[in-house]
Amino acid sequence: MKGIILAGGSGTRLHPEPKIIELPKYSDPRGNLSFIEEDSQIPFKIERVYWIYDVPGGQVRGGHAFKKQQELIVALSGSFDVVIDNGNEKKIFSLNRSYIGLYIPVGLWRQMENFSTNSLAMVVSSTTFTEDDYIRDYEKFLQTKSI
Ligand code: TYD
């Protein structure tokens, strides 16, 4: 997996990075078709799919990190921004195409915001749901980065 290697402290550590994944797109005068298959377009086994919709203007979703969950986020409809924070810096990914996914490895704080009207965010996850996997306290998240 692509990542940034940082030397120092207790040794060399790999920091995987989020990345945009372009999904297959079959253009057709009858309408376009895209798909996702595990271990092919995305580097994990799919355990769950959930989606976020009917988001009122100005609302923010996410705002946490995961201990184990890897995910791919796709704007199936409309647009929104995903803000990824590795504890040192933030990157904003604007998603607005249904054949573009944002892959997010573990260990990153992520927030979703700036939802357009009628936007539909699909999250393909490597884990089933468990509250234990969430880090919802930003200070605790930062502590995991300093270990
Ligand atoms: P949460 O992931 O906290 O929402 P967001 O991060 O987008 O603001 O999910 C909100 C609630 O929904 C959570 O407290 C429990 C429930 N939930 C499930 O039961 N199963 C799921 O797969 C997800 C994602 C959430």
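This short talk walks through a predicted protein model, from its confidence scores to its sheet, its salt bridges and one buried arginine.

Let me begin with confidence, since everything else is read from a predicted model. The protein chain has an average pLDDT of 90, and 89% of the residues score at least 70. Residues 1-13 are another matter, for the pLDDT there is below 50, although this stretch still has 22 contacts in the model beyond near neighbours in sequence. Where pLDDT is low, the predicted coordinates should not be read in detail, and I will leave that stretch aside.

Now please look at the sheet. Five strands make up an open sheet, and if you follow them across, the order is E10-E9-E12-E7-E14, with antiparallel pairing. At the edges you will find strand E10, residues 90-95, and strand E14, residues 134-135, each of which pairs on one side only. Strand E12, residues 109-113, is joined to strand E7, residues 61-66, by three bridges, and the two run antiparallel. Within that pairing, glycine 62 has glutamine 111 as its bridge partner in E12, while histidine 64 stands opposite arginine 110. E12 is also joined to strand E9, residues 80-85, by five bridges, again in an antiparallel arrangement, and here aspartate 85 stands opposite tryptophan 109.

I would like to stay with arginine 110, because it takes us from the sheet to the salt bridges, of which a search of the whole structure finds five. The side chain of arginine 110 meets that of glutamate 71 in a salt bridge, at 2.6 Å from N to O. This pair links distant parts of the chain, since arginine 110 belongs to strand E12 and glutamate 71 to strand E8, residues 71-77, with their positions 39 residues apart in sequence. Are these two partners buried or exposed? Arginine 110 counts as buried at 2% relative accessibility, and glutamate 71 is buried as well, with a relative accessible area of 1%.

Two further salt bridges can be set beside that one. Aspartate 28 forms a salt bridge with arginine 30, and the closest N and O atoms are 2.9 Å apart; aspartate 28 is partly exposed at 25% relative accessible area, whereas arginine 30 counts as exposed at 76%. Arginine 136 and glutamate 131 also meet through their side chains, at 2.7 Å from N to O, and here arginine 136 is partly exposed with a relative accessible area of 46%, as is glutamate 131 at 40%.

Finally, let us turn to arginine 48, which lies in strand E6, residues 48-53. Arginine 48 is buried and yet has no salt bridge: aspartate 133, the nearest side chain of opposite charge, is 6.2 Å away, and a salt bridge would need the nitrogen and oxygen atoms to be within 4 Å. What, then, does the side chain of arginine 48 reach? It makes a polar contact with the side chain of glutamine 69 at 2.8 Å, and it reaches the backbone oxygen of threonine 127 at 2.9 Å. Beyond its near neighbours in sequence, up to four places away, arginine 48 touches several residues, among them Val123, Ser125 and Phe129.

Phenylalanine 129 sits in the loop between strand E13, residues 120-125, and E14. Its C-alpha is 7.8 Å from that of arginine 48, although the two are 81 residues apart in sequence. Apart from neighbours within four places in sequence, phenylalanine 129 is in contact with Arg48 and Tyr134.

Definitions and conventions: Residues are numbered from 1 along each chain as its sequence is written. This is a predicted model: local features need pLDDT of at least 70, side-chain atom pairs count only at pLDDT 80 or more; totals for chains, interfaces and linings use all residues. Side-chain values use heavy atoms; hydrogens and water are left out. Helices (H or I, at least four residues) and strands (E, at least two) are DSSP runs, numbered from the N terminus. Buried means under 20% relative accessible area, exposed over 50%, partly exposed in between (1.4 Å probe, protein chains only). Lys and Arg count as positive and Asp and Glu as negative; His and the chain ends are not counted. A polar contact is a pair of N or O atoms within 3.5 Å; within protein, one must be able to donate a hydrogen and the other to accept it, and residues adjacent in sequence count only if both atoms are side-chain atoms. Contact means heavy atoms within 4.5 Å. pLDDT is the predictor's confidence in each residue, from 0 to 100. Two strands pair if DSSP finds at least two bridges between them.
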